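Subject: Structure for you, with notes

Hello,

Here is the structure I promised. Please open it alongside this email; my notes follow below.

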Amino acid sequence: MAYLTKILTANVYDVAIESPLEPAVKLSEKLGVQVLLKREDLQPVFSFKLRGAYNMMVQLTKEQRDQGVICSSAGNHAQGVALSAQRLGCDAVIAMPVTTPEIKWQSVKRLGATVVLVGDSYDEAQAYAKQRSLEEGRIFIPPFDNPEIIAGQGTVGMEIVRQHQGPLHAVFVPVGGGGLIAGIAAYMKRIRPEVQIIGVEPTDANAMALSLHHGTRVQLDHCGIFADGVAVKLVGEETFRLCREYVDGIVLVSRDAICAAIKDMFEEKRSILEPAGALAIAGAKAYCNYYGLKKEAVVAVTSGANMNFDRLRIVTELADVGASKEAVLAIIMAEIPGSFKRLVEEVGPVNITEFRYRYSDSRTALVLCSVGVHKEQELQALKRRLKEAGLMVIDMTSNDLVKDHLRHLIGGRAILKDELLYRFIFPERPGALRKFLDTFTPRWNISLFHYRAQGQVGANVLIGIQVPPEDEQEFKRCAVELGYEFQDECKNEAFQLMMST
Ligand SMILES: Cc1ncc(COP(=O)(O)O)c(C=O)c1O
């Protein structure tokens with residue numbers, strides 16, 4: 001009850017708009033349900049985050065505001081706090097990791113806040129902000145775990161109830177630390193308890209799903225950063241308490257499905273969402289298909305549009321895979337004259353979107369081939385035709401290593417001893433590569449290096465390195481000490497098939 005009152009009396013409209021609830025006509029037709037989009041991407045700073053920030057800050061006393069505020073964020077919360085501070089005439093310091101892209105910290109600075117670039121990670125920026133708040137008496141504005149922040153975000157739920165009075169099956173909400181979904185759920189479960197409140201998380205940033213499953217907050221060791229707005233390793237205490245009480249379930253979606261949802265939104269409204277902003281659409285699609293919903297109404301909260309332009313390349317590359325309209329196949333054929341032509345004949349009428357081949361040895365040849373498919377049966381028929389023609393086919397459509405790296409490296413097979421394959425996330429700042437090389441070389445030989453900009457915080461780099469078995473423990477110790485996130489890919493079937501002998 002306390003939250004209902006808090007949300008009803010929350011003060012957000014000095015900075016936020018009542019965002020429209022719009023029908024998504026094409027998506028509705030495709031899914032056979034009525035999809036409505038709660039357009040938080042249309043807010044003044046292109047996300048809902050200003051609701052919570054303003055609601056907390058407007059309730060500070062004059063004395064507290066005169067002390068100034070401080071927060072840490074690499075993204076949307078920073079802009080919400082900066083805009084709120086500007087409206088309230090209070091001084092704001094925003095601590096951001098040094099790896100924050102210039103476009104992000106510039107937009108915060110433009111709103112009049114003081115930006116401090118500090119630390120390699122969000123955790124370091126947060127430690128700085130908390131320390132400085134103690135030293136200077138500034139009020140720390142948390143990104144999600146605070147009742148006033150939750151109540152501010154809850155006004156999204158209040159608006160949905162007002163804007164859609166007919167039957168409603170579910171509301172899909174992206175989940176990072178859980179502030180948005182906690183606020184929406186706390187309101188809607190009081191007023192429309194029959195409506196399902198479903199959270200959506202990326203499969204590799206599933207802190208809330210795991211926490212709800214185990215009944216206690218679970219901290220992730222690694223957290224995917226593609227949907228950076230929801231890349232949170234540990235959900236909030238209060239947000240978790242509310243989610244346990246009110247949230248009906250969590251849907252997990254892949255990076256490809258998020259990209260497909262960004263494309264859906266573009267086709268629907270000609271708007272471009274950031275990955276976190278498109279999560280709810282991806283979740284709604286997966287849920288409606290899985291449960292075979294027909295004609296019901298559902299709402300997806302499109303929560304943000306702070307998209308780094310450079311990321312559009314990877315989004316367009318993956319969108320068709322995510323919509324099951326493109327498949328990535330590795331095909332092995334005999335290295336004899338005429339076999340390439342035969343392969344093309346077997347692929348036949350299917351639209352080829354990418355084809356990569358390079359001679360590797362005199363016996364077999366490996367071809368990487370992406371094809372456009374409209375139906376699952378079409379893909380199955382193609383695989384059957386290829387197999388009947390004596391070709392070996394491996395479906396790589398859901399192998400991220402292939403889509404990020406190996407498709408660009410085909411032809412790189414080598415006879416190498418003791419080669420290990422690792423993916424590292426390099427912080428995007430000068431000196432990161434140098435530090436990496438200083439750690440591992442000249443002791444071990446680097447045998448492969450692939451990096452392709454994806455416009456995200458942290459560069460996704462694939463490394464081949466020759467490490468004798470007796471050195472492997474030492475290599476892992478050095479990798480941990482380096483402090484960059486990393487993942488062992490030696491057992492990835494694509495690597496074994498395409499890169500090693
Ligand atoms: C665009 C976007 N969507 C969703 C979220 C998740 O919100 P919460 O941390 O309250 O779960 C965020 C958080 O910053 C965001 O920026």
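How many strands form the open sheet, and in what order? The sheet has 4 strands, in the order 16-17-15-18, with antiparallel pairing. Its edge strands are strand 16 (445–451) and strand 18, each of which pairs on one side only. On average, neighbouring strands in this sheet are turned by 25° against each other, direction ignored. Please keep in mind throughout that this is a predicted model.

**More on that sheet**

Start with strand 15 (residues 419–426). It runs antiparallel to strand 17 (residues 459–466), and 8 bridges join the two. Leu 421 has Gly 464 as its bridge partner in strand 17. Strand 15 is also joined to strand 18 (residues 485–488), by 4 bridges, again antiparallel. Two bridge pairs there can be found by residue. Arg 423 is partnered by Gln 487 of strand 18. Ile 425 is partnered by Glu 485 of strand 18. In a regular strand, side chains alternate between the two faces of the sheet.

One peptide bond is worth a look. Thr 441 and Pro 442 are joined by a cis peptide bond, with omega about 5°. Pro 442 sits in the loop between helix 18 (432–440) and strand 16.

**Domains**

The domain assignment splits the chain into domain 1 (2–47 + 147–319), domain 2 (50–140), domain 3 (324–398) and domain 4 (411–498). Note that domain 1 is given as two segments, 2–47 and 147–319. The centres of domain 3 and domain 4, taken over C-alpha atoms, are separated by 29 Å.

**The ligand**

The ligand is surrounded by 20 residues. The closest are Gly 176, Gly 179, Gly 229, Ser 303 and Gly 304. Three elements each give two or more residues to this shell: helix 5 (76–88), helix 9 (179–191) and helix 13 (275–291). By type, the shell holds 6 nonpolar, 12 polar and 2 charged residues.

Where does the ligand lie relative to domain 1 and domain 2? Both domains give residues to the shell, so the ligand lies between them.

**Helix 3**

Helix 3 covers residues 49–58, and 9 of its 10 residues are buried, so this helix is largely enclosed by the rest of the structure. The buried ones are Lys 49, Leu 50, Arg 51, Gly 52, Ala 53, Tyr 54, Asn 55, Met 56 and Met 57. What do these buried residues pack against? Their partners are strand 3 (69–72), helix 5, helix 8 (147–163) and helix 9. Helix 5 and helix 9 also give residues to the ligand shell.

Phe 46 lies in the loop between strand 2 (34–39) and helix 3. Its phi is near 60°, a positive value in a residue other than glycine. Phe 46 has 21 C-beta neighbours inside 10 Å, so it counts as buried.

**Helix 12 and the loop after it**

Ile 258 lies in helix 12 (residues 255–269). Is Ile 258 buried or exposed? Ile 258 is buried, because 29 other C-beta atoms lie within 10 Å and the cut-off for buried is 20 or more. Leaving aside residues up to four places away in sequence, Ile 258 touches Pro 202, Ala 227, Val 253, Pro 275, Ala 278, Leu 279 and Ala 282. The C-alpha atoms of Ile 258 and Gly 322 are separated by 7.3 Å, with the two residues 64 places apart along the chain.

Arg 270 is in the loop between helix 12 and helix 13. Arg 270 is not a glycine, yet has a positive phi of about 60°. It has 7 C-beta neighbours inside 10 Å, so Arg 270 counts as exposed. For context, most residues other than glycine have a negative phi, and most peptide bonds are trans.

**Strands 11, 12 and 13**

Strand 11 (residues 326–334) pairs with strand 13 (residues 364–372) in the antiparallel sense, over 9 bridges. Glu 326 stands opposite Gly 372 in strand 13. Strand 12 (residues 351–357) also runs antiparallel to strand 13, and 6 bridges join them. There, Arg 356 stands opposite Leu 368 of strand 13.

Best wishes

How values were computed: Residues numbered from 1 in each chain as written. Predicted model: local features only at pLDDT ≥ 70, side-chain atom pairs only at ≥ 80, totals over all residues. Near = placed C-beta within 6 Å. Nonpolar A, V, L, I, M, F, W, Y, C, P; charged D, E, K, R; others polar. Domains from an automatic or database assignment. Pairing = 2+ DSSP bridges. Axes fitted to C-alpha atoms, helices over the stretch in contact; angles between N-to-C directions. Buried ≥ 20, exposed ≤ 12 C-beta atoms within 10 Å, placed from the backbone. Contact = placed C-beta atoms within 7 Å.
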